[in-house]
Amino acid sequence: MSKVFVFTAFGGPEHQQLTERAAPVPGPGEIAIAVRAAGVNPADWKRRRGAFGTDGALPVAMGLEAAGVVTAVGEGVEGFAVGDEVLGTPARGLGAFAEHTVLDAAASVAKPADVPFTDAATIPVAATTAYDLTHQVEIEPGQTLLVLGAGGGVGLMALQIAKVHRFQAVGVASDAKRELVESTGATFVASGPGAADRVRAVAPDGIDLLADLVGGDALRALAPLLKDPSHLVSAADPATARELGGSGRVRTEGVLEKITGVVGYGLVSPNVVATYPLDRAAEALALVESGHSAGKVVIVP
Ligand SMILES: NC(=O)c1ccc[n+]([C@@H]2O[C@H](COP(=O)([O-])OP(=O)(O)OC[C@H]3O[C@@H](n4cnc5c(N)ncnc54)[C@H](OP(=O)(O)O)[C@@H]3O)[C@@H](O)[C@H]2O)c1
């Protein structure tokens, strides 16, 4: 048997538990892995709370991004072999917070040798999001990128990508994250009331691209600083972004390969702030659910 962390009903963290299942077998187009690390995302607790619907079968295996070692290869899969180190997205809702899972081969890539499993496990969801938000609207070197929610898992990687492209990056985060944001080369602006005035003070000519990881009123306050309202992209709150003239995150073709390469070259390094063993997955989830983690939280089965 193989351990897996699930939720058994939609709602609060009291519905989460560690349980066991037979190690899943890969179907056509899938690869089975022994999980070495799994990234924790806000989407994990949002899904448990029912934010994406409550129609699915229960229990639900949790975890949306994983890195590990291939143990079996399904029919028709090319380019992967037993023993390969890979990262990717679990297939068929089989979850990443598990000793063993199955990945969709089309949503998986080889792990660069120099990238630790814990960093690799943050690429399929968090790093791809950072890539998309900084690429789906093209801006030029020297132009200004504003990242709202800059001190979180996605935001910190977006700021590192901005440095690669030589954008003028401004990161909005809570005071405690000033050093973290500045360590990426970005200009720090404190979040909260008055944030728009503080951004205006450091970017008086306006903002060329706003990458949003917070949404709601915080986003509404900053959106008027954009020179072009359509240059607003949001991973956190697409509905508000659209209302303001912007858009939600759009997946770039080949994004997983592209950002994996960027991480492999050492240009972007996920800020893994905490790792937890599988039997403490609830604590890892709670840290992310607090909404104030300062980077990525990873479960290491
Ligand atoms: N659509 C997609 O495919 C996709 C993919 C990945 C992520 N997302 C979404 O993107 C959002 C961010 O994800 P993440 O993984 O980066 O989350 P995270 O690591 O939990 O970071 C969230 C950050 O938001 C900050 N924050 C909260 N309220 C703020 C405010 N008013 N002003 C400025 N910062 C604020 C927090 O920092 P402070 O402590 O500084 O407040 C925290 O660092 C989540 O809503 C997530 O669901 C969507």
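Where is Arg92 found? I looked this residue up before anything else, and Arg92 is found in the loop between β6 and β7 (100-110); helices (H or I, at least four residues) and strands (E, at least two) are DSSP runs, numbered from the N terminus. I noted that phi of Arg92 is near 50°, a positive value in a residue other than glycine.

Before going further I wrote down that this is a predicted model, in which local features need pLDDT of at least 70 and side-chain atom pairs count only at pLDDT 80 or more, whereas totals for chains, interfaces and linings use all residues. Residues are numbered from 1 along each chain as its sequence is written, and side-chain values use heavy atoms, with hydrogens and water left out.

**Cis peptide**

I then checked the peptide bond from Leu58 to Pro59, which is cis with omega near -5°. I placed Pro59 in the loop between α1 and β4.

**Antiparallel strands**

I traced an open sheet of three strands in the order β2-β1-β4, with antiparallel pairing, where two strands pair if DSSP finds at least two bridges between them. Its edge strands are β2 (16-21) and β4 (60-61), each of which pairs on one side only. Strand β1 (residues 2-7) is joined to β2 by six bridges, the two running antiparallel, and in this pairing I found Ser2 opposite Arg21 of β2.

I next followed strand β5 (residues 65-73), which pairs with strand β3 (residues 30-40) in the antiparallel sense over eight bridges; here Ile33 stands opposite Val70 in β5. Strand β5 is also joined to strand β6 (residues 85-90), by four bridges and again antiparallel, and the bridge partner of Val69 in β6 is Glu85. As a reminder for reading these pairs, I noted that side chains in a regular strand alternate between the two faces of the sheet.

**Parallel sheet**

I read the order of the open six-stranded sheet as β10-β9-β8-β11-β12-β13, with parallel pairing. The edge strands, each pairing on one side only, are β10 (187-190) and β13 (247-248). Within this topic I also looked up strand β11 (residues 209-212), which three bridges join in parallel to strand β12 (residues 232-234), and I saw Ala211 opposite Val233 in β12.

**Ligand site**

Which residues come nearest to the ligand? Of the 25 residues around the ligand (near means that a heavy atom of the residue lies within 4 Å), I listed Lys46, Ser174, Lys177, Arg249 and His292 as those that come nearest. By class the shell has eleven nonpolar, eleven polar and three charged residues, with Ala, Val, Leu, Ile, Met, Phe, Trp, Tyr, Cys and Pro counted as nonpolar, Asp, Glu, Lys and Arg as charged, and the others, Gly among them, as polar. I found that α1 (42-48), α3 (123-135), α4 (153-164) and β9 (168-173) each supply at least two residues of this shell.

For individual atoms, I noted that an N or O atom in the side chain of Lys46 is 2.7 Å from an oxygen atom of the ligand. Two backbone entries follow: an N or O atom of the Gly152 backbone lies 3.2 Å from a ligand oxygen atom, and one of the Ala235 backbone lies 3.4 Å from a nitrogen atom of the ligand. Taken alone the ligand exposes 910 Å², of which the protein buries 81%, with accessible areas from the Shrake-Rupley method and a 1.4 Å probe.

How values were computed
Polar contact = N/O pair within 3.5 Å; in protein donor to acceptor, adjacent residues only side chain to side chain.
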